[in-house]
Amino acid sequence: MPFSDDQYFQAISSNELVQESFDKIKGACQALQEGSGCPDEDVDDFLKFIVGKWK
């Protein structure tokens with residue numbers, strides 16, 4: 001069962017490591033979009049592509 005938005009935001013706000021990670025990912029997505037001009041959907045697709053690929 002997936003988490004609700006409220007559950008995600010509660011987890012983000014209650015854990016410093018999760019908050020730092022969220023901020024880094026958010027910043028990277030914003031920089032990618034600003035630097036490339038790609039639409040939100042392309043950033044979303046990119047995030048879906050890289051899930052699990054860091055190993």
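Select Cys-38 to begin: this residue is found in the loop between α2 and α3, where helices (H or I, at least four residues) and strands (E, at least two) are DSSP runs numbered from the N terminus. The model is a predicted one, in which local features need pLDDT of at least 70 and side-chain atom pairs count only at pLDDT 80 or more, while totals for chains, interfaces and linings use all residues. Residues are numbered from 1 along each chain as its sequence is written, and side-chain values use heavy atoms, with hydrogens and water left out.

Is Cys-38 buried or exposed? Its relative accessible area is 15%, so Cys-38 is buried; the cut-offs are under 20% for buried, over 50% for exposed, and partly exposed in between (1.4 Å probe, protein chains only). Now display its surroundings. Apart from neighbours within four places in sequence, Cys-38 is in contact with Leu-32, Gln-33 and Val-43, contact meaning heavy atoms within 4.5 Å.

Next, select the helices on either side of this loop, α2 (residues 16–36) and α3 (residues 40–50). Two packed helices are described by the angle between their axes and the distance between the axes. Here the angle is about 130° and the axes are 10 Å apart; axes are lines fitted to C-alpha atoms, for helices over the stretch in contact, and angles run from 0 to 180 degrees between N-to-C directions. The pair α2 and α3 is therefore oblique, given that angles under 35 degrees count as roughly parallel, over 145 as roughly antiparallel, 65 to 115 as roughly perpendicular and the rest as oblique. The crossing of α2 and α3 is right-handed, that is, the near helix is turned clockwise from the far one by less than a right angle.

Show the side chains at this contact. From α2, Ile-25, Cys-29, Leu-32 and Gln-33 meet Asp-40, Val-43, Phe-46 and Leu-47 of α3. The residues of this contact of α2 with α3 comprise six nonpolar, one polar and one charged; Ala, Val, Leu, Ile, Met, Phe, Trp, Tyr, Cys and Pro count as nonpolar, Asp, Glu, Lys and Arg as charged, and the others, Gly among them, as polar.

Remain on α2 and select Ala-31, which is placed in that helix. Ala-31 counts as partly exposed, at 46% relative accessibility. Measuring from Ala-31 to Asn-15, C-alpha to C-alpha, gives 24 Å across 16 residues of sequence.

Turn then to α1 (residues 5–14), which packs against α2 at an angle of about 110°, the axes being 5 Å apart. That angle makes α1 roughly perpendicular to α2. Ala-11, Ile-12, Ser-13 and Ser-14 of α1 meet Glu-16, Val-18, Gln-19 and Phe-22 of α2. This contact of α1 with α2 holds four nonpolar, three polar and one charged residue.

Continue to Pro-2, in the segment before α1. Pro-2 is exposed, with a relative accessible area of 71%. The C-alpha atoms of Pro-2 and Pro-39 are separated by 25 Å, with these positions 37 residues apart along the chain counted as their spacing.

Finally, view the whole protein. Its secondary structure comes to three helices and zero strands, in the pattern α-α-α along the sequence. Of the 55 residues, 7% count as buried. The C-alpha atoms fill a box of roughly 35 × 25 × 25 Å, taken along the principal axes.
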